[in-house]
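Student: Could you take me through one part of this model closely, namely the place where its two chains meet, and then follow the salt bridges and helices that belong to that picture?

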Number of protein chains: 2
Amino acid sequence: MDKRFGSQSVVFHHPPRIVSFASVVGPKEGEGPLGRFFDEVMQDDMCGEKSFEKAERTMYRYTVEMALKKANINEDAIDMLLGGDLLNQIITASFAARDLRIPFIGLYGACSTMAESLIVGSMMVDGGFAKRVVAATSSHFSAAERQYRAPLELGNQRSPTAQRTVTGAGAVVLSSGQGRGCRVTCGTLGRVIDFGIKDATNMGAAMAPAVADTIATHLMDFGRRPEDYDAIITGDLGKVGRQLLLELLYEKGFRIEKQLFDCGCEIFSENQDVDAGGSGCGCSASVLCGYLLKQMDVRFQRVLFVACGALLSVTSSQQGESIPAIAHAVVLEA
Amino acid sequence: MDKRFGSQSVVFHHPPRIVSFASVVGPKEGEGPLGRFFDEVMQDDMCGEKSFEKAERTMYRYTVEMALKKANINEDAIDMLLGGDLLNQIITASFAARDLRIPFIGLYGACSTMAESLIVGSMMVDGGFAKRVVAATSSHFSAAERQYRAPLELGNQRSPTAQRTVTGAGAVVLSSGQGRGCRVTCGTLGRVIDFGIKDATNMGAAMAPAVADTIATHLMDFGRRPEDYDAIITGDLGKVGRQLLLELLYEKGFRIEKQLFDCGCEIFSENQDVDAGGSGCGCSASVLCGYLLKQMDVRFQRVLFVACGALLSVTSSQQGESIPAIAHAVVLEA
C-alpha cells in the first residue's frame with residue numbers, strides 16, 4: 001500500500017502510538033516558565049559526572065530509562081533506538097546506546113533530530129519493521145558551547161540574536177497496535193534550504209526558511225490550512241527566527257500567528273537573560289516530552305510538530321560557508 | 001504484515017531493487033588492486049576545490065549525480081536521500097543534499113553508514129514510504145586525518161595497526177517494483193558493542209567484536225550458515241580486525257574464512273604502505289559500488305554486506321573513553 005503522499009510527505013495507515021515519554025532538563029530550564037512540567041530537573045548540569053559530555057550522556061540514558069519505566073517495559077522490549085545529539089560523532093546517543101544495548105540507528109539533523117527520529121521511527125513501526133521503538137535526543141549547554149563556540153571560561157559577550165542551547169533530553173516510546181496514547185498520523189520530510197545566512201550567532205534567521213518550506217509543503221501536500229491544527233509547534237527558532245517564519249509564510253499565503261508555538265521562545269522567560277531564546281536538540285525534545293504531549297487531549301487534539309536544525313559545523317563556518325538548515329514535521333493526534 | 005525477524009533483523013517482502021550505483025575514488029585508491037573497477041578515479045584529491053572538506057562534498061554530490069545519470073533519472077524522481085560521512089556534523093552529506101534538493105535523512109554510524117543507509121532506505125521502500133531512494137556515503141583521507149588525528153603537515157609516524165581513511169564515495173539507487181537489478185532481501189541492525197579498546201590507532205580491534213556480534217546474530221536470526229552466502233563482505237576491519245573477527249566468530253561456532261572479503265584489506269595492496277588497510281565510510285561504499293555490485297550474478301548470487309563503524313570522537317578519546325563500535329548488515333541477492 002502506498003504511504004507516500006504529495007511531494008515530500010508520508011502517511012501512516014496504522015499510526016504508531018506514543019505509549020510513553022519522559023523529559024529531563026538542567027537547572028536553568030527548570031527555573032523557566034515550563035519548569036514544573038518536566039519529569040525531572042537536575043540540581044546541577046554535571047549529573048554527578050566529571051565532564052559536560054559525560055553528563056549529557058548520563059542525562060540521555062536516564063531519560064530513555066525513565067520513558068521505559070513509565071511504560072513498565074524494559075530495554076529488551078524495544079526493537080530500535082533512534083536518535084542523536086549535537087556533539088561531534090553523536091557520542092551522547094552512541095555511548096548511551098552502548099549501555100542500553102538496544103539496536104541503534106544513529107541520526108543527525110542538528111536541532112531537527114527529534115522530528116527526524118519520530119518520522120523515521122514511525123515509518124519503522126507503521127511499516128511493520130518494529131513493534132516498539134524509542135526516539136530520543138538531547139543537548140547540553142556547556143558541552144555545545146565549548147564545541148561550537150568558545151570555552152565558557154572565556155566569558156564571551158553574546159549577540160542579541162544568539163540562542164542558548166538547552167540542557168535537556170526527551171524520549172518517546174512509539175508502539176504498534178491499538179490502545180491508549182496519542183498517535184503519529186503523518187509527516188513531512190524536509191529538504192536542505194540555504195538562504196545564505198553566514199552569521200553563526202543568528203541561527204533563527206538561518207533556520208526560518210527551512211521551517212517555512214516544510215510547513216508550506218506539508219500544508220500543500222495534505223491540502224490543509226493552519227486552522228486544521230490546534231498548534232504548530234516549531235523547534236527552536238527563537239524570537240528572531242519566529243518573526244521571520246511568520247513573514248516568510250505570509251508571503252507564501254499562510255498565516256500561522258494563532259497556531260504558532262516556538263519551543264525556543266517558550267522554554268525561557270524574558271528575565272532569564274537568554275537573548276533570542278533556547279535552541280538545541282534537547283529544546284524541542286524536552287518541551288515536546290515535558291509539556292506538549294501532556295496537553296494532548298487536554299488543550300490540543302491535533303498538532304504539527306516541526307523541529308529544525310542548522311547544519312553548520314565549526315569547519316564549514318571557518319571556510320566561509322553559509323548555514324544550510326532542515327526541518328522535518330510530524331502530525332500528532334489525540 | 002510483520003517484517004520483524006528474530007532478535008535484531010528485518011525481512012523485506014517486496015525487496016527493493018538496486019537499479020543503479022556509482023563510485024568515485026581518489027588517486028591512491030585508483031592505483032590499488034580494485035582501481036579499474038571504480039567508475040571514476042580523481043586525478044588529485046582536491047576535486048578542483050580549495051579545501052579537502054569542499055573536495056569531499058563535490059565528490060559526494062558527483063557520485064550521487066552519476067548514479068542518477070546511469071539510471072536515466074533526475075533528482076525529482078528520488079523521494080529521499082539517506083546518508084552521512086565522517087566529518088563533524090556530517091557537512092559533506094548535508095551540504096551535498098542542499099545542492100541536490102532531495103528530501104534528506106542524515107545518518108551517522110561512522111564507517112557503518114553505508115549499511116545503515118541501505119537498511120533504513122530499504123525499510124522506507126519496502127514499507128511503501130518511498131518509490132526511489134538514494135543511499136550514499138563518502139570519506140576523504142586528508143579531511144578525516146586533520147579532523148580525527150593530526151594535520152598532515154605534521155608528518156606523524158603511523159602505527160602498524162592504523163588504517164588509512166579511503167578517499168572515495170559510493171551511491172546506490174534503491175527502487176520499488178519489479179524489474180532488473182539485484183535486491184536487498186533482508187537485514188540485521190547492530191547494537192553498540194564495546195570491548196574496552198582505547199587505542200584510537202587500532203580501529204580494527206575496536207570494531208571486530210561488533211561485526212562478530214552482528215554476523216552471529218544475523219545467522220542465528222535467519223537460521224543460516226556462512227555457506228549460505230557466496231561472500232560475507234565486511235566494511236573496513238583491516239588486517240588486524242579481520243583476524244580478530246575470524247577468531248571471535250570461531251569462538252561462537254562459525255567459520256567464515258572462505259566467505260570473508262574485507263573491503264579494508266582489498267582496496268589497497270601490500271606495497272602501497274597503508275599499514276593495516278583502508279577504512280572510512282567511503283571504503284565499503286566505493287568497494288560495494290565499484291567492485292562488488294558488478295560481481296552480482298557473475299561471481300556472487302547472495303552476499304552479506306556488513307559495514308562497521310567505530311563510534312569514537314576526539315573528545316571521547318581525550319576523556320579516556322574506550323571505543324564503542326556498531327555493525328549493520330544487509331543481504332544482497334542477484
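Tutor: What follows goes from the interface to its charged pairs, then to two helices, and ends with some backbone angles.

The model is a predicted one, and every value below should be read with that in mind. In chain A, 61 residues are in contact with 61 residues of chain B. Together the two chains bury about 4900 Å² between them, and 57% of that area is on carbon and sulfur atoms. Within the area that chain A buries against chain B, Gln89(A), Arg98(A) and Phe129(A) supply 16%, more than any other three residues.

The polar side of the interface can be counted as well: there are 36 residue pairs in polar contact between chain A and chain B, with both residues at pLDDT 80 or more. Several elements of chain A each supply at least two residues of the side that touches chain B, among them helix H2 (52-70), helix H3 (91-100), helix H4 (113-126) and strand E15 (325-333). Sorted by class, that side of chain A has 29 nonpolar, 16 polar and 16 charged residues.

Side chains of opposite charge can pair when their charged atoms come close. Across the interface of chain A and chain B, eight salt bridges are found. One salt bridge between the chains joins the side chains of Asp79(A) and Arg4(B), at 3.4 Å from N to O.

A related pairing can be followed within helix H2 (residues 52-70) of chain B, where Glu65(B) and Arg61(B) lie four residues apart, about one turn of the helix. Their salt bridge has its closest N and O atoms 3.6 Å apart. Glu65(B) is partly exposed, with a relative accessible area of 30%, and Arg61(B) is likewise partly exposed, at 24%. Salt bridges that share partners also join Arg61(A), Glu65(A), Arg98(A), Asp99(A) and Asp194(B) into one network.

Arg98(A), which belongs to that network, is also among the buried residues of H3(A). Nine of the ten residues of this helix are buried, so H3(A) is largely enclosed by the rest of the structure. The buried set includes Ile91(A), Phe95(A) and Leu100(A). What covers these residues includes H2, strand E5 (80-85), E6 and strand E7 (132-139) of chain A, together with helix H10 (314-318) of chain B, and the cover thus draws on both chains. Just after H3(A), Arg101(A) takes a positive phi of about 60°.

Helix H4(A) is mostly covered too, with 14 of its 14 residues buried. Its length can be checked by simple geometry: at 1.5 Å a residue, the 14 residues of H4(A) should span 20 Å, and the end C-alpha atoms are 19 Å apart, which agrees. Just after this helix, Gly128(A) takes a positive phi of about 90°.

H4(A) also takes part in a salt bridge within chain A, in which the side chains of Asp126(A) and Lys3(A) meet at 3.3 Å, N to O. The pair links distant parts of the chain, since Asp126(A) is in helix H4 and Lys3(A) is in the segment before strand E1 (4-5), 123 residues apart. Asp126(A) counts as buried because its relative accessibility is 6%, and Lys3(A) counts as buried at 7%, the cut-off for that class being under 20% relative accessible area.

In chain B, a salt bridge between Lys294(B) and Asp39(B) has its closest N and O atoms 3.5 Å apart. Lys294(B) lies in helix H9 (residues 281-295) and Asp39(B) in the loop between helix H1 (27-30) and strand E4 (40-41), so the pair ties together parts that are 255 residues apart in sequence. Lys294(B) counts as partly exposed at 31% relative accessibility, and Asp39(B) counts as partly exposed at 26%. Over all chains, the structure holds 40 salt bridges.

Finally, the backbone: most residues other than glycine have a negative phi. In chain B, Asp236(B) has a positive phi, near 70°, and is found in the loop between strand E11 (231-235) and helix H7 (238-251). Asp236(B) is buried, with a relative accessible area of 0%. Asp273(B) also has a positive phi, near 55°, and lies in the loop between helix H8 (263-266) and strand E13 (278-279); Asp273(B), however, is exposed, with a relative accessible area of 64%.

Terms used
Residues numbered from 1 in each chain as written. Chains lettered and ligands numbered in written order. Heavy atoms only, no water. Contact = heavy atoms within 4.5 Å. Buried area = accessible area lost by both parts, 1.4 Å probe. Salt bridge = Lys/Arg side-chain N within 4 Å of Asp/Glu carboxyl O. Polar contact = N/O pair within 3.5 Å; in protein donor to acceptor, adjacent residues only side chain to side chain. Nonpolar A, V, L, I, M, F, W, Y, C, P; charged D, E, K, R; others polar. Expected span 1.5 Å × (residues − 1). Buried < 20%, exposed > 50% of the residue type's maximum accessible area, 1.4 Å probe, protein only.
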